Amino acid sequence: MTAEDTYKTISEPSEGIYTEKRSKFIAIALPVRSLDEIKAHLETYQKKYYDARHVCYAYMLGAARKDFRANDNGEPSGTAGKPILGQINSNELTDILIIVVRYFGGIKLGTSGLIVAYKAAAAEAIAAATIIEKTVDEEVTVMFEYPFMNDIMRIVKEEEPEILNQSYDMDCSMTLRIRRSMMAKLRARLEKVETARILDEKENH
């Protein structure tokens, strides 16, 4: 199992095609970070495949994998979105949208045939994708007085967080991002620096 502060997603869009009894299923897997992105992709692909019988989809968002949806788009309930979502789940992916476009070939597949076809199409798109592991990161902003810059920089150098932004006015501030499991240690070290104070943290994926 992966650690609790990592998750798997895909690095770039991929496609898969599955044909069954002259029905053609085109699956498109897309990396997504938000509902707005998902909506935009759905609009794009619904326009692009306007002549298709069905444009079904499923998505999963967030490292906790609790934000998901399956849509059958007019196919019998549970025959399209669910099998697509099932493939996302069995590959333990998130931040992913899989759209499966169906062109009807004139021969009815029946509910079990549809489930197999949508599942196979989604599996093809995932198989064509590059699966990557990402860390669940958190951000922290630390304020400090200029003379203590070196102390802060030493910690940054040793703990190796990503520096998101920094400003050096009367009061200096630095916003850092690091994987969740390493945040407690980073915060504890920053707090020990004289004059340093830590502002609210917000989670970021």
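## Aromatic pairs

The structure holds 4 aromatic pairs. It is a predicted model. A pair of aromatic rings is described by the distance of the centres and the angle of the planes. Take Y18 and F25 as one of the pairs. Their ring centres are 6.5 Å apart, and their planes meet at 50°. Planes under 30 degrees apart would count as stacked and planes over 60 as edge-to-face, so an angle in between is called tilted. The Y18 and F25 pair is therefore tilted.

F25 also pairs with Y118. Here the centres are 5.0 Å apart, with 80° between the planes. That arrangement is edge-to-face. This pair links distant parts of the chain. F25 sits in strand β3, residues 23-31. Y118 sits in helix α3, residues 110-128. The two residues are 93 residues apart. Ring pairs join Y18, F25 and Y118 into a cluster.

How exposed or buried are F25 and Y118? Both are buried. For F25 the relative accessible area is 0%. Buried means under 20%, so F25 meets the cut-off.

## The largest nonpolar core

In soluble globular proteins, nonpolar side chains tend to be buried together. The largest nonpolar core in this model has 24 residues. Which of them touch the most other members? They are F25, I84, I88, I96, I98, V100 and Y118. F25 and Y118 are also the two partners of the edge-to-face pair.

Several elements build this core. Those giving two or more residues are β3, β4 (54-61), α2, β6 and α3. The largest share comes from α3, with 7 residues.

## Around I88, and a second core

I88 shows what such a position touches. Leaving out residues up to four places away in sequence, I88 touches A58, Y59, M60, R65, L93, I96, I98 and I126. Two of these, I96 and I98, are listed with I88 among the core residues that touch the most other members.

The model also has a second, separate core. This core has 18 residues. V142, F148, M183 and L186 are among them.

## Cysteines

How many disulfides does the structure hold? The count is 0. A disulfide would need two cysteine sulfur atoms within 2.5 Å. Two cysteines can still be placed by burial. C56 is buried, with a relative accessible area of 0%. C172 is buried too, and its relative accessible area is 0%.

## A buried glutamate

E138 belongs to strand β8, residues 137-145. Is E138 buried or exposed? Its relative accessible area is 13%. The cut-off for buried is under 20%, so E138 counts as buried.

The side chain of E138 has a polar partner. A polar contact of 3.3 Å joins it to the side chain of R180.

## Positive phi in two loops

Which loop holds N73? N73 lies between β5 (67-71) and α2 (81-90). Its phi is near 45°, a positive value in a residue other than glycine. N73 has a relative accessible area of 34%. That value is neither under 20% nor over 50%, so N73 is partly exposed.

E92 lies in the loop between α2 and β6 (96-103). Its phi is near 55°, again positive in a residue other than glycine. E92 is partly exposed, at 32% relative accessible area. Helix α2 borders the loop of N73, and α2 borders the loop of E92 as well.

Conventions: Residues are numbered from 1 along each chain as its sequence is written. This is a predicted model: local features need pLDDT of at least 70, side-chain atom pairs count only at pLDDT 80 or more; totals for chains, interfaces and linings use all residues. Side-chain values use heavy atoms; hydrogens and water are left out. Helices (H or I, at least four residues) and strands (E, at least two) are DSSP runs, numbered from the N terminus. Buried means under 20% relative accessible area, exposed over 50%, partly exposed in between (1.4 Å probe, protein chains only). Rings of Phe, Tyr and Trp (its six-membered ring) pair if their centres lie within 6.5 Å; planes under 30 degrees apart count as stacked, over 60 as edge-to-face and the rest as tilted. A nonpolar core is a set of buried Ala, Val, Leu, Ile, Met, Phe, Trp, Tyr and Cys residues joined through side-chain atoms within 4.5 Å. Contact means heavy atoms within 4.5 Å. A polar contact is a pair of N or O atoms within 3.5 Å; within protein, one must be able to donate a hydrogen and the other to accept it, and residues adjacent in sequence count only if both atoms are side-chain atoms.
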